[in-house]
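Welcome to a short tour of this chain. Have the sequence and the 3D view open side by side, and follow along as we go from the overall picture to a few side chains.

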Amino acid sequence: AGKTTLASEVIAELTKTGYYCHNHEQVFKNPAISNKWLNAMWFYLKNIKFTALLFLYTLLSSPLNRGHLQYNFGRLQQLMKMIVMFEKSLEKAGTAPVMIFDQGLVQCIWSITSLSGSVHKKFLKRCVALKKQIFPAIIVYVHTDPDTAARRIAERQSSCIFDHLSTADTKQLFCEQKGIFPGIISTLQEIYNPVVFNIEGNGFFKDNVDSLVGQLQNILEDERDRNRC
């Protein structure tokens, strides 16, 4: 749907106006940040209940299929990496950072749940409640119709998880995604109060960037004013 391109453009625009803003992958790959995996292990030990619940949630969301389990635990690893790096960024930043995850937390949760077709709300609520302070303040839901998304996947050269699927299977997966995402977002909204932007991925791209940057700047300025007070 253009998440990575959108994230890059938004980061560039916000950086121009003086915000400390970056993509989580840039942080994780930054050689100046040492002992990344030790930091991660320390985070898991400090938050053992949260880690155990998230592990259990992933396990329960996976059918008893080795390939599905491997896929889901790969997504769990990505999810935990995002959370750990966000927390470390908050500790190290001289000013409040704007951390953009172009592989969204909601997307990772959907990946974990999509193969079984169910969202285990009970465990998801407990997980988020334990660590809700580092869950995103803003969720940008970039969506496009399944036909367009499947065509884009077929046309691009990447090592994406969808590459082994046929166009028809990819379309079916995106149809499932479109049905499951709103349920995940509503579950997150029951626990804390993220701002949710809906971006139409079929629209003119520059309009999306301009609109999103403007709305983000308004939210960030309000946050700065509250911090001054």
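Two residues are in contact here when they have heavy atoms within 4.5 Å of each other. With that in hand, consider the contacts in the chain with a separation of 6 or more: 78% of them are made by residues 24 or more positions apart. Please keep in mind that this is a predicted model.

**Overall picture**

- The chain holds 10 helices and four strands.
- Read from the N terminus, the order of these elements is α-β-α-α-α-α-β-α-α-β-α-α-β-α.
- The chain has 229 residues, and 42% of them count as buried.
- Its accessible surface is about 12500 Å², with 55% of that area belonging to carbon and sulfur atoms.

**Helix H4, buried on one side**

- A good helix to look at is H4, which spans residues 48-60.
- With 13 residues, H4 reaches 18 Å from its first C-alpha to its last, close to the 18 Å expected at 1.5 Å a residue.
- Which residues of H4 are buried? They are Phe50, Thr51, Leu53, Leu54, Tyr57 and Thr58.
- These buried residues lie on the same side of H4, because they cover an arc of only 165 degrees around the axis.
- Turn to the other side of H4 and you will find Ile48 and Lys49, which are exposed.

**A nonpolar patch on the surface**

- Phe55, Leu56, Leu59 and Leu60 make up a nonpolar patch on the surface.
- Together, these four residues offer about 330 Å² of accessible area.
- Is Leu56, a member of this patch, buried or partly exposed? Leu56 has a relative accessibility of 32%, so it counts as partly exposed.
- Leu56 also links this topic to the previous one, as its place is in helix H4.

**Salt bridges**

- Side chains of opposite charge can pair when their charged atoms come close.
- How many salt bridges does the count give? The count comes to three.

*Glu13 and Lys16*

- Glu13 pairs with Lys16 in a salt bridge, and their closest N and O atoms are 3.2 Å apart.
- Both residues sit in helix H1 (residues 3-16), and because they are three residues apart, about one helical turn separates them.
- Glu13 is partly exposed at 26% relative accessible area, while Lys16 is exposed at 64%.

*Glu190 and Lys125*

- Glu190 forms a salt bridge with Lys125, with 2.7 Å between the closest N and O atoms.
- Glu190 belongs to helix H9 (residues 167-191) and Lys125 to helix H7 (residues 121-131), so this pair ties together parts that are 65 residues apart in sequence.
- Glu190 counts as partly exposed, with 48% relative accessibility, and Lys125 is also partly exposed, with 32%.

*Asp147 and Lys171*

- Asp147 forms a salt bridge with Lys171, and the closest N and O atoms of the pair are 3.0 Å apart.
- Here Asp147 lies in helix H8 (residues 146-155) and Lys171 in helix H9, so the pair ties together parts that are 24 residues apart in sequence.
- Asp147 is partly exposed, with a relative accessible area of 45%, and Lys171 counts as partly exposed at 33% relative accessibility.

Technical notes:
Residues numbered from 1 in each chain as written. Predicted model: local features only at pLDDT ≥ 70, side-chain atom pairs only at ≥ 80, totals over all residues. Heavy atoms only, no water. Helix = DSSP H or I, 4+ residues; strand = E, 2+ residues; numbered from the N terminus. Buried < 20%, exposed > 50% of the residue type's maximum accessible area, 1.4 Å probe, protein only. Areas by Shrake-Rupley, 256 points an atom, 1.4 Å probe, with all protein chains shown as cover. Patch = residues over 30% accessible without salt bridge, like charges linked within 9 Å, V, L, I, M, F, W, Y side chains within 5 Å. Salt bridge = Lys/Arg side-chain N within 4 Å of Asp/Glu carboxyl O. Expected span 1.5 Å × (residues − 1). Arc of directions from axis to C-beta.
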